[in-house]
Amino acid sequence: MRNAKPSTFGVIGLGRFGSALAMSLAEAGKDVIVVDCNEEKVRELRHYTEYAFVTDNLSKEALQEIGIQNCDTVIVCIGEKIDISILTTLNVVSLGVPHVIAKAISSDHGTVLEKIGAEVVYPERDMALRLGKRLIANNNFLDFISLSNEVEIQQIPVTDRIAGISVERLDIRRKYGLNIIAIESNGNTETEISPEYRIRKDDILVVIGKMDNIWKFEHEI
């Protein structure tokens with residue numbers, strides 16, 4: 001892809017953060033270029049964008065061939081491999097991308113990325129701060145909490161697609177391996193949920209299960 005359309009985003013690195021970000025942008029109607037070395041992850045994103053590239057070469061030349069320099073904003077979502085994160089961010093900045101955002105996993109990592117010229121985000125820290133503010137504000141369920149590397153509790157707003165359907169008919173335990181542990185409705189939290197309960201448009205489902213299953217359910221509704 002040598003000439004991307006205006007307002008095109010680039011997402012480099014399709015881990016949890018990068019994949020969710022790319023899906024959100026694509027579902028919002030944005031043009032998105034995604035890049036990762038994992039063919040399976042890239043294949044999954046091809047349901048959302050035709051500009052999905054598999055490469056383990058993140059050199060300036062390789063990124064230019066993909067068309068990253070034509071993006072308005074590029075998000076480098078490589079956290080764990082700090083050396084690759086820094087080098088890739090440097091390559092993107094040197095290609096003249098107007099807005100470069102990079103994920104950092106530590107303050108030192110972030111400091112280097114900022115000196116290179118990137119805007120830095122700290123997903124885990126920002127999530128913790130957001131949860132802290134929510135806890136201070138009220139005692140309702142958390143909108144997201146990680147119990148382990150695989151199991152999470154998360155709030156999912158009801159969409160038109162499932163509004164009016166009973167909990168029994170929704171059957172997310174069988175279809176997605178998830179359990180509804182509460183439903184928030186009009187500021188109240190109900191934990192004793194009848195199978196006959198019909199889900200309302202303004203409800204928020206609080207589900208527990210493996211994070212991949214939660215993502216699948218969230219994106220399919």
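## A walk through the predicted model

Glu39 and Arg43 are joined by a salt bridge in which the closest N and O atoms lie 3.8 Å apart. Both residues belong to helix α2, which covers residues 39-45, and they are separated by 4 residues, or about one turn of that helix. Arg43 has a relative accessibility of 43% and therefore counts as partly exposed, since exposed is reserved for values over 50% and buried for values under 20%. The model in which this pair is found is a predicted one, and the description below follows the pair outward to the remaining salt bridges, then to the cores and finally to a pocket.

The structure holds 3 salt bridges. Side chains of opposite charge can pair when their charged atoms come close. Besides the pair in helix α2, Asp160 forms a salt bridge with Lys201, and here the closest N and O atoms are 3.8 Å apart. Asp160 sits in the loop between β8 (151-157) and α7 (167-170), whereas Lys201 sits in the loop between β10 (188-190) and β11 (204-210), so this pair ties together parts that are 41 residues apart in sequence. With a relative accessibility of 62%, Asp160 counts as exposed, while Lys201, at 42%, counts as partly exposed. A further salt bridge brings together the side chains of Arg174 and Asp171, with an N to O distance of 2.7 Å. Arg174 is exposed, at 62% relative accessibility, and its partner Asp171 is partly exposed, at 25%.

The loop that carries Asp160 also holds Val158, which lies between β8 and α7. Val158 is buried, because its relative accessibility of 5% falls under the 20% limit. Leaving out residues up to four places away in sequence, Val158 touches Ala163, Ile199, Arg200, Lys201, Asp203, Ile204 and Leu205; Lys201, the salt-bridge partner of Asp160, is thus also one of the residues in contact with Val158. The C-alpha atoms of Val158 and Leu205 are separated by 6.9 Å, although the two residues are 47 residues apart along the chain.

From these local features one can step back to the protein as a whole, which contains 9 helices and 11 strands. Of its 221 residues, 42% are buried, and its accessible surface comes to about 12400 Å², with 49% of that area belonging to carbon and sulfur atoms. Among the contacts between residues at least 6 apart in sequence, 59% join residues that are at least 24 apart.

The largest nonpolar core consists of 22 residues, and the members that touch the most others are Ile12, Ile33, Val35, Leu63, Ile68, Val74 and Val92. Two or more residues of this core come from each of the elements β2 (31-36), α3 (60-66), β4 (73-76) and β5 (99-103). Val92, looked at beyond its neighbours up to four places away in sequence, touches Ile12, Leu63, Ile68, Val74, Val76, Val97 and Val100. Another core, of 17 residues, lies apart from it and includes Tyr176, Ile180, Leu205 and Ile221.

Strand β5, one of the elements contributing to the largest core, also contains Ala102. Ala102 is buried, with a relative accessible area of 0%. Apart from neighbours within four places in sequence, Ala102 is in contact with Val76, Thr89, Leu113, Ala118, Glu119, Val120 and Val121. The C-alpha atoms of Ala102 and Ile12 lie 9.4 Å apart, and the two residues are 90 residues apart along the chain.

The last feature to consider is open space. Rolling a probe the size of a water molecule over the atoms shows where empty space is left. The second largest pocket has a volume of about 550 Å³, and of the 17 residues that line it, Ser19, Met23, Glu44, Asp212 and Trp215 are the closest to its centre. Helices α1, α2 and α9 (211-220) each give two or more residues to this lining, and the largest share, 6 residues, comes from α9. Helix α2, where the salt bridge between Glu39 and Arg43 is found, is therefore also one of the elements that line the second largest pocket.

Ser19 is placed in helix α1, which spans residues 16-27. Although Ser19 is among the lining residues closest to the centre of the second largest pocket, it is buried, with a relative accessible area of 10%. Beyond neighbours within four places in sequence, Ser19 is in contact with Leu14 and Leu45.

Conventions:
Residues numbered from 1 in each chain as written. Predicted model: local features only at pLDDT ≥ 70, side-chain atom pairs only at ≥ 80, totals over all residues. Heavy atoms only, no water. Buried < 20%, exposed > 50% of the residue type's maximum accessible area, 1.4 Å probe, protein only. Contact = heavy atoms within 4.5 Å. Areas by Shrake-Rupley, 256 points an atom, 1.4 Å probe, with all protein chains shown as cover. Core = buried A, V, L, I, M, F, W, Y, C linked by side-chain atoms within 4.5 Å. Salt bridge = Lys/Arg side-chain N within 4 Å of Asp/Glu carboxyl O. 1 Å grid on protein atoms, 1.4 Å probe; cavity = no way out; pocket = protein on both sides within 12 Å on 5 of 7 lines; lining within 4 Å. Points joined across faces, edges and corners; volume = space filled by probe spheres on them.
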